[in-house]
Amino acid sequence: MTVRPILTAPDPRLQAVSTDVDAVTDEIRTLVDDMAESMYAADGIGLAAIQIGVAKRVLVIELDKKDGKKNPVAYINPKVTWASDETAVFEEGCLSVPEIWDDVERPARIKAEYLDRNGKKQTLEADGLLATCLQHEMDHLNGVLFIDHLSRLKKSMAVRKLTKAKKLKETA
Ligand code: K2U
Ligand code: ZN
């Protein structure tokens with residue numbers, strides 16, 4: 001398993017629309033394992049493949065470490081099949097949008113279907129943090145960052161801060 005660098009905005013690769021996985025192969029399982037390692041190394045609780053530069057519709061989320069044991073769940077070709085009219089607001093951050101946190105309103109409850117790491121079709125119902133994280137990650141698969149949901153002013157301030165930080169990092 002390999003820790004791979006996480007792309008940070010602004011980066012046009014993060015705006016790519018990722019493509020479906022045709023078959024869940026050992027190569028995809030290695031991608032999932034690398035994503036999990038990269039997520040843990042960055043202290044994240046979710047990661048989309050595009051964040052390590054792979055434009056495939058694959059997510060990894062770790063929400064419930066059982067007695068400290070890592071328990072990353074792979075969501076391959078995830079699709080939301082239903083979303084509540086009721087909404088919830090969470091303060092979101094993103095490993096690809098460093099040092100920026102803001103409230104995002106999303107459907108409070110969702111139903112989704114996906115393939116697990118063995119290629120088996122699964123369905124789920126989610127609320128709370130899992131619902132938010134899944135929707136945040138599925139946005140990534142469509143080239144959308146959480147700052148795209150902010151007001152025009154807040155988004156422009158975020159992009160300005162990210163651009164400045166990236167320039168400083170590149171010239172350091
Ligand atoms: O795309 C991501 O980076 C996933 C987020 C998970 C998440 C986002 C919004 C709402 C719930 C979960 C990160 O893995 S966790 C947030 C974070 C951001 C920066 C640094 C550390 C943790
Ligand atoms: Zn993110």
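A polar contact is a pair of N or O atoms within 3.5 Å; within protein, one atom must be able to donate a hydrogen and the other to accept it, and residues adjacent in sequence count only if both atoms are side-chain atoms. Keep that in mind as you work through a predicted model, in which local features need pLDDT of at least 70, side-chain atom pairs count only at pLDDT 80 or more, and totals for chains, interfaces and linings use all residues. Residues are numbered from 1 along each chain as its sequence is written, chains are lettered from A and ligands numbered from 1 in the order in which they are written, and side-chain values use heavy atoms, with hydrogens and water left out.

**Exercise 1.** Find the polar contacts of ligand 1 with His140, Leu95 and Ile45.

*Solution.*
- Start at the side chain of His140: one of its N or O atoms is 3.1 Å from an oxygen atom of ligand 1.
- Move to the backbone of Leu95, where an N or O atom lies 2.7 Å from a ligand oxygen.
- Finish at Ile45, with a polar backbone atom 3.0 Å from an oxygen of the ligand.

**Exercise 2.** Describe the residues around ligand 1.

*Solution.*
- Count the shell: 16 residues surround the ligand (a heavy atom within 4 Å).
- Among the closest are Gly46 and Glu137.
- Sort the shell by type: six residues are nonpolar (Ala, Val, Leu, Ile, Met, Phe, Trp, Tyr, Cys and Pro), three are charged (Asp, Glu, Lys and Arg) and seven are polar (the others, Gly among them).
- Look for the element that gives the most: helix H2, residues 128–141, with six residues (helices are DSSP runs of H or I, at least four residues; strands are runs of E, at least two; both are numbered from the N terminus).

**Exercise 3.** Walk along the chain and pick out two backbone details.

*Solution.*
- List the elements: there are three helices and seven strands, in the order α-β-β-β-β-β-β-β-α-α from the N terminus.
- Before helix H1 (26–41) comes the segment with Pro10, joined to Ala9 by a cis peptide bond with omega about 0 degrees.
- In the loop between H1 and strand E1 (46–48) sits Asp43, whose phi is positive, near 60 degrees.
- Compare with the usual case: most peptide bonds are trans, and most residues other than glycine have a negative phi.
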